[in-house]
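Reader: I'd like to walk through this model with you before I set anything up. Could you take my questions one at a time?

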Amino acid sequence: MRAAVEKRKLFSAVLPARPGRLRAAGVLGLNGRNMNVLIRWNPKPLYRLVDDKLATKELCEAAGLAVPRTFAVVDHPVQVRRLDRLIGAREEFVVKPVRGAGGRGVMIIAGRRGEDYLAVGERAISPEAMRYHLLEILGGSYSIGGRADRAMIEQRIIGHPALAALSGGGTADVRIVLYRGRPVMAMLRLPTAASAGRANLHQGGIGVGLDLRSGTGVAAVWNGRIVDRHVDTGRPIGDIAVPAWAEVLAAARKLAAVIGLGYLGADIVLDDQARPIVLEANGRPGLSIQLANRGGLMKKIKDVDAGAPERPGIE
Amino acid sequence: MNQQRWVILIAAVLIAAGVGGIALRLAGLGWADWTALPPETHQTLAWLLILPAGALLTAFVRTIVGFQTFGTLTPTLLAASYLYCDRASGVVVFALVMVVGLGGRALLGRLRLQMGPRLGIILTVLVLCLAGAMAVMYRLGLSPRPAGAMMPLVVLTILLERFYVSIEENGLGASLRLLVATLAVAGACGGLLAWPAVGRLALAYPEAQLLVVAAMLGVGRYSGYRLTELWRFRELAEGPRR
């Protein structure tokens, strides 16, 4: 008995957290996600539908889900010479790799100044730099596995004012993780001064865990640590509420149903009319959302597997 | 879980065969092993035979410890490419590639070339530097071993490009962590490869490979927490906090 206590003490002196305690909290690890969840619920052929953002868009449009309008698709370097044909006189647009991952290679243009394009944060992009960026995308610099890619130029979504106020310059988006079609965790991703307009967590964005019933903030993660205030504004996380929450959840459910992946991250923005717009779907959503929600995903997954009824108020 | 049973069964058979074979050899009932081949082949053979253990080590670090490296087999390849290099010229080649390569890569970045030619130019510059250095050393009366520089150069050029791209995408801090982890695992693999006792074991006990494969099956089916995740998710741990 005493030996067991001693052993336990020795363990906790060496390890930051004992595995048993994480398991008790229902924390999902990367190996667990890959071996127990992805292999079982996400068949390889379906990844094509989420890895190719144009394919995702097509499916969404067919199902009546709103997506950003596509202005142009660049699939050959020759097209890059004629920026006027691709972009024309547009003031605002977004350049994205079709098969990009983790927000890499995304360029958000918010205005023009003379010949130059103005990226979020007043950074001037010369036409020359824009052409090079497009060529880099085509060459596969940002694509999954480094293979040759296409670039797409699409509508820049003007975010909802309530969320824009929280995110300096960039657009906030909502990430909802769905398991077997049911939302199990949600997080609002806010760009910060450090993340240059992008909301991806590993680029310095803040992730605010959301109560699934109400869409209000419960906790937040920033640079891998739990925080309870917005790092730029100092506003308490509990004050944050996502408008039109029921519509956002409904869009996420529809997206999961259309794609067919059993474990899926739905990335959704709210436009200035509070309409949910699907940005993309992710077939291998990350695990930091657990920190933002101060809770484990495995627990939720087990609830769904056990056929636990959904808490009222979601539908 | 059907695969789970298969994996356990196969691993059990491999372990039984491996341990049994080694036990028989220890009991003096050995049959052919690789030491029967001519002695001049032993070193190369030993290196070849240790490579799987290097891959196992890398897999262990990635999925159980949780440190990511540039590429799954890169650390093993890097270690292997250094085999014909003595320690001093190995360090020199590495430092040269890093300094000249990163500098050259930064300058080339401004020219906005596509990736293939860009890598080619970096490799050319590195080759010229190395060949130049050798010429100088010969003039000074030193005799470097040119064969030693051959292999690391190619692997290092690719590692350099990945490192550079990673700096742009993940930031310097995260990229340095990746690089250090890659080098540390490569160093450990190198230690294995250069360890004469391990080489003798690999030559004398072919069954050891079965044990390596069994261990890989274990690592490959591991679905528990990574060591680094105990740190990453420590704030979520249930129960009284210390």
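Reader: Happy to start with the domains: what bounds does the domain assignment of chain A give?
Author: Good place to begin, and please keep in mind that this is a predicted model. The assignment splits chain A into two parts, and domain 1 is written as two segments, 26–66 + 159–305. The other part, domain 2, covers 70–154.

Reader: How far apart do the C-alpha centres of domain 1 and domain 2 of chain A lie?
Author: The two domains of chain A do touch, with 13 residues of domain 1 in contact with 13 residues of domain 2. Their C-alpha centres are separated by 25 Å.

Reader: Which helix gives the most to the side of domain 1 of chain A that touches domain 2?
Author: By class, that side of domain 1 of chain A divides into 2 nonpolar, 6 polar and 5 charged residues. The helix that gives the most to it supplies 3 residues, and it is α5 (residues 53–62) of chain A.

Reader: Now the sheet in chain A: which strands stand at the edges?
Author: Six strands make an open sheet with antiparallel pairing, in the order β1-β6-β2-β3-β4-β5. Neighbouring strands are turned by 30 degrees against each other on average, direction ignored. An edge strand has a single partner, so one of its sides is left without a neighbour in the sheet; in chain A, this applies to β1 (70–74) and β5 (123–125).

Reader: Which residue stands opposite A:I109?
Author: Strand β3 (residues 107–113) of chain A runs antiparallel to β4 (residues 116–119) of chain A, and 4 bridges join them. Opposite A:I109, in β4 of chain A, stands A:A119.

Reader: Over to the chain interface: how many residues of chain B are in contact with chain A?
Author: Helix α10 (residues 227–232) of chain B gives the most to this side, with 4 residues. By class, the side of chain B that touches chain A has 8 nonpolar, 5 polar and 10 charged residues. Chain A takes part with 26 residues, and chain B with 23.

Reader: One last residue: is B:V65 buried or exposed?
Author: B:V65 belongs to helix α2 (residues 42–65) of chain B. Leaving out residues up to four places away in sequence, B:V65 touches B:F60, B:R226, B:L227 and B:T228. A residue counts as exposed if 12 or fewer other C-beta atoms lie within 10 Å of its own. B:V65 has 12 other C-beta atoms within 10 Å, so B:V65 is exposed.

How values were computed: Residues are numbered from 1 along each chain as its sequence is written. Chains are lettered from A and ligands numbered from 1 in the order in which they are written. This is a predicted model: local features need pLDDT of at least 70, side-chain atom pairs count only at pLDDT 80 or more; totals for chains, interfaces and linings use all residues. Two residues are in contact if their C-beta atoms, placed from the backbone, lie within 7 Å. Helices (H or I, at least four residues) and strands (E, at least two) are DSSP runs, numbered from the N terminus. Ala, Val, Leu, Ile, Met, Phe, Trp, Tyr, Cys and Pro count as nonpolar, Asp, Glu, Lys and Arg as charged, and the others, Gly among them, as polar. Two strands pair if DSSP finds at least two bridges between them. Axes are lines fitted to C-alpha atoms, for helices over the stretch in contact, and angles run from 0 to 180 degrees between N-to-C directions. Domain bounds come from an automatic or database domain assignment. A residue is buried if 20 or more other C-beta atoms lie within 10 Å of its own, exposed if 12 or fewer, and partly exposed in between; C-beta atoms are placed from the backbone.
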